[in-house]
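Open your viewer, choose a cartoon display and keep the selection box handy. We will walk from stop to stop, picking something to select each time.

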Amino acid sequence: MTDFNKVTDTAVPGQGLSSDEAAQRLEQYGPNALEEKQVSVLRRLLGYFWGPIPWMIEVAAVLSALIQHWADFLIIITLLIFNAAVGFWQEYTAGNAVAALMKQLALSARVRRDGQWLSIDARQLVPGDIIRIRLGDVIPADVKLIEGDYLSVDQSALTGESLPVTKYINDEAFSGTVVKQGEVIAEVTATGANTRFGKTASLVKQAKTVSHFQKAVLTIGDYLIYISLALVAVLVIVQLHRSAPWLELVQFALILTVASIPVAMPAVLSITMAMGAMALSKRKAIVTRLESIEEMASMDVLCSDKTGTLTQNRLTLGEIEIFHASDEQEVLLAAALASRQEDMDAIDEAILESVKDKKQLMAFLQTAFFPFDPVHKRTEATIKDASGNTFQTAKGAPQVIMEMAELSGDTLAHAQQVVDAFAKQGYRALGVARRDNVTTGWTFLGILSLFDPPREDSAETIAQTRAHGVGMKMVTGDNLAIAKQIATKLGLGGNILRANALPVNDDGTDLKSSLEGVEKADGFAEVFPEHKFAIVKILQKHNHITGMTGDGVNDAPALKQADVGIAVSGATDAARAAADLVLTAPGLSVIINAIEEARRIFERMNAYAIYRISETIRIMFFVVLAMIFFDFYPITAIMIILLAFFNDIPIMTIAYDHTGLEKNPVRWNMHQVITVATAMGIVGVIGSFGMLLIAMDWLHLGVAQIQTYVFLKMAIAGHLVLFVARTKGHFWQRPWPAPIMIWSAVVTKLAATLLAAYGFDLITPITWPEIALIWGYSFASALLTDWVKVQVYRHLSQETPRHRSFLVRLQQSLHVFGRRK
């Protein structure tokens with residue numbers, strides 16, 4: 001890293017840089033802004049047509065065009081574009097975290113160039129510039145204070161510290177922080193990406209996670225693709241051996257392959273999550289990344305920022321210890337008279353807000369005021385009451401006020417004990433004194449305590465979060481005493497660790513001890529952005545689905561890296577843009593609603609995945625085996641396309657389904673999903689062969705009628721399988737399906753029935769008694785499938801850990817093999 005202090009040697013502190021020197025340094029170091037790599041909208045859109053599943057669909061579309069089956073081509077292209085459009089739109093609306101961070105930079109700066117003070121665009125600042133900073137300014141770059149007394153700086157958005165920090169001459173102040181008191185001349189030491197602010201932005205850009213939803217879709221897609229390709233290969237070999245017309249064979253194999261590939265699966269799952277996102281928005285939680293809904297259902301650890309998230313981010317009056325005052329109000333009144341509201345000082349505002357009778361202050365006139373400074377460490381005021389009597393009040397650091405009042409002996413010891421007791425609780429102590437005239441000494445009235453109080457709903461939210469199986473950890477930039485005090489009040493526990501023990505770089509460090517500390521800790525104190533980032537990554541490396549809440553610029557990298565980044569109400573633009581979930585109501589209670597809704601959405605997606613795998617197995621195995629055994633097409637190419645329409649398009653109503661609520665985090669269990677779906681699919685294959693044999697050997701139907709017969713059976717049974725797949729228990733048990741889901745099944749199956757009855761020049765019609773037989777057979781088959789499903793779930797729940805781990809390893813090996821190919 002460049003040492004920017006070296007380049008300031010040629011600057012003349014009184015005159016600042018010359019325009020020529022500033023131009024040279026601007027060329028050398030670049031503008032005082034965060035670099036942003038722009039990706040064109042077209043390139044982002046085209047990215048959704050790249051990947052294993054899109055490749056298969058695109059090949060199928062090209063082959064359809066080559067054999068001039070334009071109807072098939074249009075259906076395939078429509079589904080492909082729809083899936084890409086859903087993914088692109090949710091990314092487009094998610095926002096850009098780096099762009100939001102850029103908005104946080106100060107827009108202008110007062111700089112000394114060529115011996116004159118100028119106001120310039122903050123982007124034009126360079127290392128070595130001399131600038132003026134005063135009350136209310138957003139510091140435009142990292143600087144070193146060189147002239148003046150002090151600055152009181154609010155850097156809570158950058159470091160998470162709830163109290164303003166005092167900066168002295170030769171201290172460094174950071175870009176993006178806000179000046180609360182003081183005025184100084186400072187020298188710019190770092191600009192743009194080299195500032196502390198810029199490093200935070202670079203962490204946001206480094207933060208990358210692969211969605212577990214995307215992994216699940218790829219795993220399911222791989223499984224279906226392997227099965228489909230293997231069966232189609234067998235079919236092609238057998239039919240070529242039988243000297244079947246190759247063009248007709250290629251056409252059918254193509255349509256069968258496309259029907260088996262989960263073309264609509266990403267779109268259906270995305271719509272399911274989008275509907276869930278709309279439901280969450282009504283609960284004051286806005287989703288910016290659809291996949292985060294699935295991640296929230298799986299989340300087992302939630303790291304929460306303290307300041308502004310668990311607490312109110314405002315100083316509040318605590319206990320008052322009385323010394324030489326008649327009551328607490330006398331101490332508080334004296335402290336209020338030693339305050340000035342127009343300074344907007346956080347301590348003064350907390351004291352003035354705590355005065356019960358505001359009219360009481362109107363009876364006094366503040367004739368002189370001595371503001372706080374880090375040298376005297378007190379505020380002092382001269383007051384005239386309604387009778388014209390003049391007196392003085394002072395408040396400030398307890399040691400200073402005690403010395404002014406000349407405390408000694410037991411009184412001094414008692415006062416020190418009170419200060420120490422407040423410090424152990426994480427409180428900030430203020431001494432208060434009064435002097436009736438300049439000839440008498442100061443009277444020590446008492447000691448005030450100030451603290452940042454927890455939000456009213458924080459303790460209840462933490463308890464409910466844990467009841468839902470999610471561990472809670474507090475993360476704060478405040479010191480250890482304050483962190484322990486707040487954690488204890490909220491019921492988190494007292495195991496709070498300093499963050500300096502955590503590794504902040506991926507340097508191959510053994511993280512075993514770090515993991516144990518992170519997992520056992522109730523929270524972390526004295527945390528910088530890189531520590532929050534490290535905490536999230538450590539938990540993720542050890543298979544935790546990690547959530548992170550926050551509101552400041554300092555939280556943005558961890559929010560981006562977390563599986564679920566949650567920006568709370570009132571968060572900065574940077575935090576909101578980096579987050580997956582933005583809360584618009586105060587507090588964290590809405591997170592509980594979000595977790596519950598996410599788990600319901602996950603159950604819907606899980607049900608659809610099981611349904612889709614079982615349907616592929618049912619159709620593929622039946623069609624291929626029937627052609628091998630009986631040497632005719634049991635279903636035509638147009639029927640396969642119609643089946644995709646009747647079964648996949650209406651299936652999107654699963655987004656509105658009623659589901660149960662799991663008490664603990666839920667994850668994609670591919671072993672369970674594939675096992676249950678395969679068992680249901682095999683039952684479906686057996687049922688389809690039974691139906692085929694009835695049509696051939698009992699009803700003695702012709703091939704064309706058999707094809708319609710098989711088509712209607714697959715159409716009716718196909719949607720019934722969804723009702724079977726949606727629960728782990730029997731399908732007639734609660735929770736019952738949503739009305740729209742039932743009606744979509746009724747309407748599409750009636751449409752398939754009318755098509756089978758009348759043909760409409762698309763298929764060969766069959767009689768109504770035959771249709772009635774198919775309906776009855778399909779319901780009986782659904783009951784058998786449901787019984788098998790329940791038995792498989794029971795068997796899986798009784799598996800030994802050794803057997804389960806073997807299956808998981810086998811599944812992971814297959815997945816890795818698929819990724820390599």
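Is L118 buried, partly exposed or exposed? Select L118 and find out: L118 is partly exposed, with a relative accessible area of 35%. Please keep in mind throughout that this is a predicted model.

**Stop 1: around L118**

Widen the selection to residues 116-121, and you have strand β2, the home of L118. Leaving aside neighbours within four places in sequence, the contacts of L118 are A109, R110, V111 and R113. Now add I131 and draw a distance between the two C-alpha atoms: L118 and I131 come out 9.2 Å apart in space, with their positions 13 residues apart in sequence.

**Stop 2: the six-stranded sheet**

Strand β2 belongs to an open sheet of six strands. Walk across the sheet in the order β2-β1-β3-β9-β4-β7, where the pairing is antiparallel. At the edges you will meet β2 and β7 (172-173), each of which pairs on one side only.

For a look inside the sheet, select residues 130-134 for strand β3 and residues 183-190 for strand β9. These two run antiparallel and are joined by five bridges. To see one matched position, pick R132, which stands opposite I185 in β9.

**Stop 3: a hairpin and its neighbour**

Next, select residues 378-384, which form strand β14. How many of the seven residues of β14 are buried? Six are, so the strand is mostly covered.

On one side, β14 is joined by five bridges to strand β13 (residues 365-370), and the two run antiparallel. Here F370 faces E380 in β14. Strand β15 (residues 390-396) also runs antiparallel to β14, with seven bridges joining them. Select T379 and K395 to see bridge partners in this pair, K395 being the one in β15. Then follow the chain from β14 to β15: the two form a hairpin with five residues between them. In the turn, stop at G388, which has a positive phi of about 90 degrees.

**Stop 4: a serine in a helix**

Select residues 212-241 to show helix α8, then highlight S228 within it. S228 is buried, since its relative accessible area is 0% and buried means under 20%. Not counting residues up to four places away in sequence, S228 touches S260, T616 and M620.

**Stop 5: two helices that cross**

Select residues 291-298 for helix α11 and residues 589-630 for helix α23. Their axes are 8 Å apart, and the helices pack at an angle of about 105 degrees. The two are therefore roughly perpendicular to each other. To look at the contact itself, show the side chains of I293, E294, M296 and A297 in α11. Across from these, in α23, are A594, I595, A598, R599, I601, F602 and M605. By class, this contact has nine nonpolar, no polar and two charged residues.

**Stop 6: two helices that run back**

For the last stop, select helix α25 (residues 670-698) and helix α26 (residues 703-725). They pack at an angle of about 150 degrees, with axes 10 Å apart. That makes α25 and α26 roughly antiparallel to each other, and their crossing is right-handed.

Now show the contact residues. Among those in α25 are M680, G684, G687 and S688, and among those they meet in α26 are I706, Y709, V710 and K713. By class, the contact of α25 with α26 has 13 nonpolar, three polar and one charged residues.

Notes
Residues are numbered from 1 along each chain as its sequence is written. This is a predicted model: local features need pLDDT of at least 70, side-chain atom pairs count only at pLDDT 80 or more; totals for chains, interfaces and linings use all residues. Side-chain values use heavy atoms; hydrogens and water are left out. Axes are lines fitted to C-alpha atoms, for helices over the stretch in contact, and angles run from 0 to 180 degrees between N-to-C directions. Helices (H or I, at least four residues) and strands (E, at least two) are DSSP runs, numbered from the N terminus. Angles under 35 degrees count as roughly parallel, over 145 as roughly antiparallel, 65 to 115 as roughly perpendicular and the rest as oblique. Contact means heavy atoms within 4.5 Å. Ala, Val, Leu, Ile, Met, Phe, Trp, Tyr, Cys and Pro count as nonpolar, Asp, Glu, Lys and Arg as charged, and the others, Gly among them, as polar. Buried means under 20% relative accessible area, exposed over 50%, partly exposed in between (1.4 Å probe, protein chains only). Two strands pair if DSSP finds at least two bridges between them. A crossing is left-handed if the near helix is turned anticlockwise from the far one by less than a right angle, and right-handed if clockwise.
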